[in-house]
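User: I'd like to walk through this model with you, piece by piece. Can we take it as a string of short questions?

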Amino acid sequence: MRDAAPQTIHLKDYTPFGFLVDKVALSFRLDPQATRVLSRIAFRPNPEAADRRFFLHGEGLKLIEARIDGEKINPEISETGLEAAVPERPFIWEAEVEIAPAANTALEGLYLSNGMYCTQCEAEGFRKITFYPDRPDVMAPFDVRIEGDQPVLLSNGNPGASGAGFAEWSDPWPKPSYLFALVAGDLVAHPDRFVTRSGREVALNVWVRPEDADKCAFAMESLKKAMRWDEEKYGREYDLDVFNIVAVDDFNMGAMENKGLNIFNASAVLASPETATDANFERIEGIIAHEYFHNWTGNRITCRDWFQLCLKEGLTVFRDSQFTADQRSAAVKRIRDVTLLRARQFREDAGPLAHPVRPESFVEINNFYTATVYEKGAELVGMLRRLVGDEAYARALDLYFTRHDGQAVTIEDWLKAFEDVTGRDLTQFKRWYSDAGTPRLRVSEDWQDGRYTLSFEQFTPPTPGQDEKPPRVIPIAVGLLGPNGDEVRRTQILEMTEEKQSFTFEGLAARPVPSILRDFSAPVILERESGNAERAFLLAHDTDPFNRWQAGRDLARAALLAMLRTGAAPDPAYLDAIRMLARDEALDPAFRALALDLPGEEELAQALFDAGEIPDPQAIWEALERFRQTRAEAMADLARALYDAHQVTAPFAPNAAQSGARSLANAALAMITRLDGGALARRQYDSADNMTLQLGAFSCLLRTDRAGAATRAFYDQWRDERLVIDKWFTMQIVNARPEDAAGRARELAAHPDFTLKTPNRFRAVFGALSANQAGFHHASGKGYALLADWLIRLDPLNPQTAARMCSAFETWRRLDPSRQKLIKAQLERMLAVPGLSRDMTEMLTRIRAA
Ligand code: BES
Ligand code: ZN
């Protein structure tokens, strides 16, 4: 039965649970159709709570028997849980329930993936395992016993007794139920060990299916680096005797930080040079670190309620970004993060799904694991750090860790740690958490008698449910360059607190060129009148690598917008500047590859829309194509030279230096392919000994008349490697011409290897379709109809993954009336499906309301 009337949950309605839990003991008898779960829970009245209603969440559970203090009871059971009369003193709750993991396609709760039992409990999946107060502020130590005939039986914490057909685990650290995990299967370990700085010996394991044993080494190295880094940079040590990571094929998200037993989407952990790209390696390193870092930021200190999600996710994303910046290039990491922030979070913030970093209400919490909570949430941590300085940031974090260890806390608690350490009032800063929308920052300048003045004005457009946005604190990092390119003022943080504010620089010999918002010091949209000469100057001279990259991006963007508006030819100013940069041997190849990247279709569409124009996805695609073709012709010799100079001869290593060289070589190859019809790409494809080069060549070949042969060869080579076959699906769709994209996606969804059961595969096809902007938004509406068809099919099986993909439609209001009408019709069609999930219903309703 589906929920009749989905309820909206409000932050302002928070009340603590009426009972505390002293201990949880769970016992599992595993069976695909009829797993038995026995729970024995020690409750006692919570002196801080007014409401003593004893309600336990529970969904899809068959109750066999329930007891209080050994006495059988008959609780009242509803679709969402049960209620019982309980004594006004400590008592023992016992329940036995039956669940069917094999029937669980939603991948939430206990389910089977390729014969392996595993769990996913965040955010509200534990209630599908047993009756429990399934909320993050109820923390307890867990003991677990697993009975099953699988050779490997894992749960949280430290191992206890084990023998044929059973294993026991005990987690001494009180935790909320969303961090519970269980795994049982025929797995092999990639083992290692780690000694913490206080001398605790930790057994580390990456558990995988036997055929994946050769793809674990990189994840293990990443884990050890992350453990050491958290000790060195944050003073955080690991706190159990074992740390287990398990790779699972069917998983809704990337990975999950269950205490002592992280569960990973196979795509976020398995890697070998032959099957994984450099980008995959980098993602694995980052995500292993992210989940590990949650052990402190999320697990030891958790969230009071799900409105505080950014407390753990924003902070942990910030920490994993710092980690990656330290392992690789800080500039490259920052540029990648900001590119992603703009493409996903700015887009979200400008549309019908806009919400504050700390939302005030939700229907389905799974719909709020968003770019805003994660990426903007991380930016807020970065801004705080900029505002208080590195040293105060470190002290604030120390205070936060000691003050709140073992607690479930709020954004107020987090900010209080900063206030107490610095004596600063963060009331205004808090608006970043409560107000949605991306602030525009308009800049003007004045030069008089040796005084240089920068004037700023901030304005945040209305978002759903929020019209008025008072000014926010904005840390604006600024440096000044002299006419000869020397830096005449080093980076300083201008702290903007008013709606309009000016800052004056004295004692300058000549009018400077400003470098504003260095390192992207705040998540805002900078609006500034500037010309190509100045952009080229900054591209050549800025000492801030982010702004140097930004200057190139601005040049490309201005050129593309001019093409779109006036039919102009690609601007030679861009071509000259980018040739200089690409040739500059002093620059990191990874940085040069990023500088060759062009603003994406999303960024251009939003720029046009912000200027009051209606973006046409097809025209944007054509402009980008023409731009790329002209650039390839203008850079032909240089492209070949870059290609030759960045061939890696050393044995493959997934490090920053090699991956930078490969990404520049692949960027050059894409240009060359436009001129040689794929001859060089074919050679690279045939000789590649790693997936980065093979896939780089494959994507080039897909745009030539060698596409068919390459597609068959790739499939034949990799048919047994599911993660590589995901790439095969994706590549064909993202590289398709706009008119072919939907047709290709339709064909591939009929391929025998396509399945609705594995989110990775679904995303490989339909995530790729929505990523092909011009294809998805094809004027015929066939992209919209196809995606809607398949979301309707996926929803009854896996509502969480289906709902996340609804965001493909979120930009509909900025399109022309004809496309709007086509999308509206699909939104209505999906909403009319009987029994549509709460997840999809919430997403589609919000999108339609735009
Ligand atoms: N806690 C999340 C995973 C999660 C999200 C579980 C939503 C259930 C519902 C985990 O820590 C996480 O954030 N994972 C990210 C990757 C990370 C590197 C940002 C993910 O899965 O994409
Ligand atoms: Zn996380």
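**Strands, a zinc site and some helices**

Analyst: Sure. Let's begin with a strand pair: β27 (residues 474–481) and β30 run antiparallel and are joined by four bridges. Keep in mind that this is a predicted model.

User: In β30, which residue is the bridge partner of Leu481?

Analyst: Leu481 sits at the end of β27, which covers residues 474–481. Across from it in β30, the bridge partner is Val513.

User: And which residues of β30 are buried on the side opposite Val513 and Ser515?

Analyst: In a regular strand, side chains alternate between the two faces of the sheet. Strand β30 (residues 513–516) has both faces covered, with Val513 and Ser515 buried on one side. The buried residues on the other side are Pro514 and Ile516.

User: On to β25 and β26. Which residue in their hairpin takes a positive phi?

Analyst: Strands β25 (residues 440–448) and β26 (residues 451–459) are antiparallel and share nine bridges. Asp446 has Thr453 of β26 as its bridge partner. Two residues lie between the strands, and the one with a positive phi, near 50 degrees, is Asp449.

User: What stands opposite Phe456 in β29?

Analyst: Strand β26 also pairs with β29 (residues 500–505), running antiparallel over six bridges. Opposite Phe456 in that strand you'll find Gln501.

User: Which strands are the edges of the four-stranded open sheet?

Analyst: The order is β10-β11-β16-β13, with antiparallel pairing. An edge strand here pairs on one side only, and that applies to β10 (109–113) and β13 (152–155).

User: By how many degrees are neighbouring strands of that sheet turned against each other on average?

Analyst: Take β10 and β11 (residues 116–120) as one of the pairs: they're antiparallel, with five bridges, and Ser113 stands opposite Met116 in β11. For neighbours in the sheet, with direction ignored, the average turn is 20 degrees.

User: Now the metal. Which residues coordinate the zinc ion (ligand 2)?

Analyst: The donors follow the spacing H-x3-H-x18-E along the chain. Their distances run from 1.9 to 2.7 Å. The histidines bind through NE2 and the glutamate is listed with two OE donors, so to speak by name: His290, His294 and Glu313.

User: How many residues apart in sequence are the parts that His290 and Glu313 tie together?

Analyst: His290 belongs to helix α2 (residues 278–293) and Glu313 to helix α3 (residues 309–327). Both are buried, His290 at 6% relative accessible area and Glu313 at 1%. The parts that this pair ties together are separated in sequence by 23 residues.

User: Is the geometry of that zinc site octahedral or irregular?

Analyst: Ideal angles for six octahedral donors are 90 or 180 degrees. Among the six donor atoms of the zinc ion (ligand 2), the angles go from 53 to 163 degrees. To count as octahedral, angles other than those between opposite donors must be between 65 and 115 degrees, so 53 falls outside. The site is irregular.

User: Which residue caps the N-terminal end of α14?

Analyst: Helix α14 (residues 617–634) has 18 residues and reaches 26 Å, close to the expected 26 Å. Its buried residues include Trp621, Phe627 and Arg631. A side-chain oxygen 3.0 Å from the backbone nitrogen of Gln618 does the capping, and it belongs to Asp616.

User: Last one: how far apart in space are Ala742 and Leu787?

Analyst: Ala742 is in helix α21 (residues 738–749) and is buried, at 4% relative accessible area. Ala742 and Leu787 are 45 residues apart in sequence, but C-alpha to C-alpha the separation is 8.7 Å.

Technical notes
Residues are numbered from 1 along each chain as its sequence is written. Chains are lettered from A and ligands numbered from 1 in the order in which they are written. This is a predicted model: local features need pLDDT of at least 70, side-chain atom pairs count only at pLDDT 80 or more; totals for chains, interfaces and linings use all residues. Side-chain values use heavy atoms; hydrogens and water are left out. The expected span of a helix is 1.5 Å times one less than its number of residues. Buried means under 20% relative accessible area, exposed over 50%, partly exposed in between (1.4 Å probe, protein chains only). A polar contact is a pair of N or O atoms within 3.5 Å; within protein, one must be able to donate a hydrogen and the other to accept it, and residues adjacent in sequence count only if both atoms are side-chain atoms. Two strands pair if DSSP finds at least two bridges between them. Axes are lines fitted to C-alpha atoms, for helices over the stretch in contact, and angles run from 0 to 180 degrees between N-to-C directions. Donors are N, O and S atoms within 2.8 Å of the metal (3.2 Å for Na, K and Ca); water is not among the atoms, so sites may look incomplete. Four donors count as tetrahedral if all angles lie between 85 and 135 degrees; four count as square planar and six as octahedral if opposite donors are over 155 degrees apart and all others between 65 and 115; anything else is irregular.
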